[in-house]
Amino acid sequence: MLTLLIVTFIAGVVGTGLGGFIGVLFKKDSNRTISLLLAFAAGVMLSIVCFDLIEGAIATGIDTIYIVFSIILGVVIVYILNYLIDNKFNKEVPHITDDHPETHDDIDELIHADHYNEHVKNKDSKLSLFVAGIVMACAIALHNIPEGMTIGASYIYNDASLDGSALTIALLIGFHNIPEGMAVSVPLVSGGMQRSKAVILSALSGFPTVIGAILGYLVGDIGNIGLMLSLSLASGAMLYVVFGEILPQSILMYKSKLPSFALIIGMLLGLLLIY
């Protein structure tokens, strides 16, 4: 268990922190670069879901209909949580209008840094800033908890060992978190935050990955049904994050077919590393 926590900490906190450090070196107008990197990272995650997690869920021997239902449940849970956050706080940002895309079209919207920066600009109370920070943390957690669950579930699937696919998944998620860390730090620096503080917050935003790993481990440790649930719920959550958040946002940030090609390349690279 300790080994799992250490590896997940490296994949989540260190990976995201490294991305945050790279992000603060970028110019403010870096939507194109981050768009392609996020799409590439989404492709890597899609490989993990399709070629490892779902395959592992099927290998438990549980009827496929229950696996499909559990994947759908994972999608629905993350969608509802994401919808509640967006519906509550997007309205507080001035540029959100009736004509604005329903999904995010800028890097600061993915983690609600625009909401935080608006409070900073208005010199609102510390309580308002704290609440805005909590909103950011929740938005980031929705992406990172399922990622952690994939590591925890794979750890159980590999008989409490980080050999083989479990270690590969941890490495891939660490790699996948680098562009996510960039997506956290860039809007914060653009909003006036000190670079060092933005890097620290980026690193901390990866901590929910550890929480997800614990959840994946605990659920997967209660037998085949628990393992199937852990793998399937994580798969559904990540499928929503890829197709409901990252890919639409990536295409809106950089209106081109290149994000789709970046996703394909990421998916193929993930396939090569998994097998």
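# A tour of an all-helical predicted model

Select Leu263 to begin: its relative accessibility is 9%, and because buried means under 20% relative accessible area, this residue counts as buried. The model in your viewer is a predicted one, and Leu263 sits in helix α11, which covers residues 258-274. Now add Ala39 to the selection and draw the C-alpha to C-alpha distance, which comes to 4.8 Å although Leu263 and Ala39 are 224 residues apart in sequence. If you expand the selection around Leu263 while leaving aside neighbours within four places in sequence, the residues in contact are Ala39, Phe40, Ala42, Gly43, Leu46, Val242 and Leu247.

**Staying in helix α11**

Move next to Pro259, which is also found in helix α11. Is Pro259 buried or exposed? With a relative accessible area of 0%, Pro259 is buried. Ala39 appears again here, since the C-alpha atoms of Pro259 and Ala39 are separated by 5.4 Å while the two residues lie 220 residues apart along the chain. Beyond the neighbours within four places in sequence, Pro259 is in contact with Ser35, Leu36 and Ala39, and also with Leu247, Ser250, Ile251 and Tyr254.

**The whole chain**

Zoom out and colour by secondary structure. The chain has 11 helices and zero strands, so that reading along the sequence gives the pattern α-α-α-α-α-α-α-α-α-α-α. Of its 275 residues, 54% count as buried. Among the contacts between residues at least 6 apart in sequence, 82% join residues at least 24 apart, and the pairs just visited from Leu263 and Pro259 to Ala39 can be set beside that figure, with sequence separations of 224 and 220 residues. Switching to a surface representation, you are looking at about 12600 Å² of exposed area, of which carbon and sulfur atoms supply 69%.

**The nonpolar cores**

Hide the surface and select Ile34, Ile48, Leu53 and Ile151, which are the residues with the most contacts inside the largest nonpolar core, a set of 48 residues. Helices α1 (2-24), α2 (31-59), α3, α6 (126-157), α7 (165-190), α10 and α11 each supply at least two residues of this core. Which of these helices gives the most to this core? The answer is α10, with 13 residues. A second core, separate from the one just described, has 11 residues and includes Ala132, Ile140, Leu188 and Ala198.

**Helix α10 at Ser230**

Select Ser230, whose place is in helix α10 (residues 224-253). Ser230 counts as buried, because its relative accessibility is 0%. Display the polar contact made by this serine: its side chain reaches the backbone oxygen of Gly216 at 3.1 Å. Not counting residues up to four places away in sequence, Ser230 touches Met149 and Ala153, together with Gly216, Val219 and Gly220.

**Helix α7 at Asn177 and Ala170**

Go on to Asn177, which is found in helix α7. Asn177 is buried, with a relative accessible area of 0%. With residues up to four places away in sequence not counted, Asn177 touches Ala11, Gly12, Gly15, Thr16, Asn144, Glu147 and Thr209.

Ala170 has its place in helix α7 as well, and at 4% relative accessibility Ala170 counts as buried. Draw the C-alpha distance from Ala170 to Val7, which is 7.1 Å across a sequence separation of 163 residues. Residues up to four places away in sequence being set aside, Ala170 touches Val7, Ala11 and Ile151.

**Helix α6 at Val135**

Val135 lies in helix α6 and counts as buried at 5% relative accessibility. The C-alpha atoms of Val135 and His115, residues that are 20 apart along the chain, are separated by 8.6 Å. Once neighbours within four places in sequence are left aside, the contacts of Val135 are with Ile85, Phe89, His112 and His115.

**A last stop on the surface**

Bring the surface back and select Val68, Phe69, Ile72, Leu73, Val76, Ile77, Tyr79, Ile80, Leu81, Tyr83 and Leu84, which form a nonpolar surface patch with about 990 Å² of accessible area together. Finish by picking out Ile77, a member of this patch found in helix α3 (residues 64-89). Ile77 counts as partly exposed, because its relative accessibility is 40%.

Notes
Residues are numbered from 1 along each chain as its sequence is written. This is a predicted model: local features need pLDDT of at least 70, side-chain atom pairs count only at pLDDT 80 or more; totals for chains, interfaces and linings use all residues. Side-chain values use heavy atoms; hydrogens and water are left out. Patches are made of residues with over 30% relative accessible area and no salt bridge: like charges are joined within 9 Å, nonpolar side chains (Val, Leu, Ile, Met, Phe, Trp, Tyr) within 5 Å. Accessible areas come from the Shrake-Rupley method with a 1.4 Å probe; for residues, only the protein chains shown count as cover. A salt bridge is a side-chain nitrogen of Lys or Arg within 4 Å of a carboxyl oxygen of Asp or Glu. Helices (H or I, at least four residues) and strands (E, at least two) are DSSP runs, numbered from the N terminus. Buried means under 20% relative accessible area, exposed over 50%, partly exposed in between (1.4 Å probe, protein chains only). Contact means heavy atoms within 4.5 Å. A polar contact is a pair of N or O atoms within 3.5 Å; within protein, one must be able to donate a hydrogen and the other to accept it, and residues adjacent in sequence count only if both atoms are side-chain atoms. A nonpolar core is a set of buried Ala, Val, Leu, Ile, Met, Phe, Trp, Tyr and Cys residues joined through side-chain atoms within 4.5 Å.
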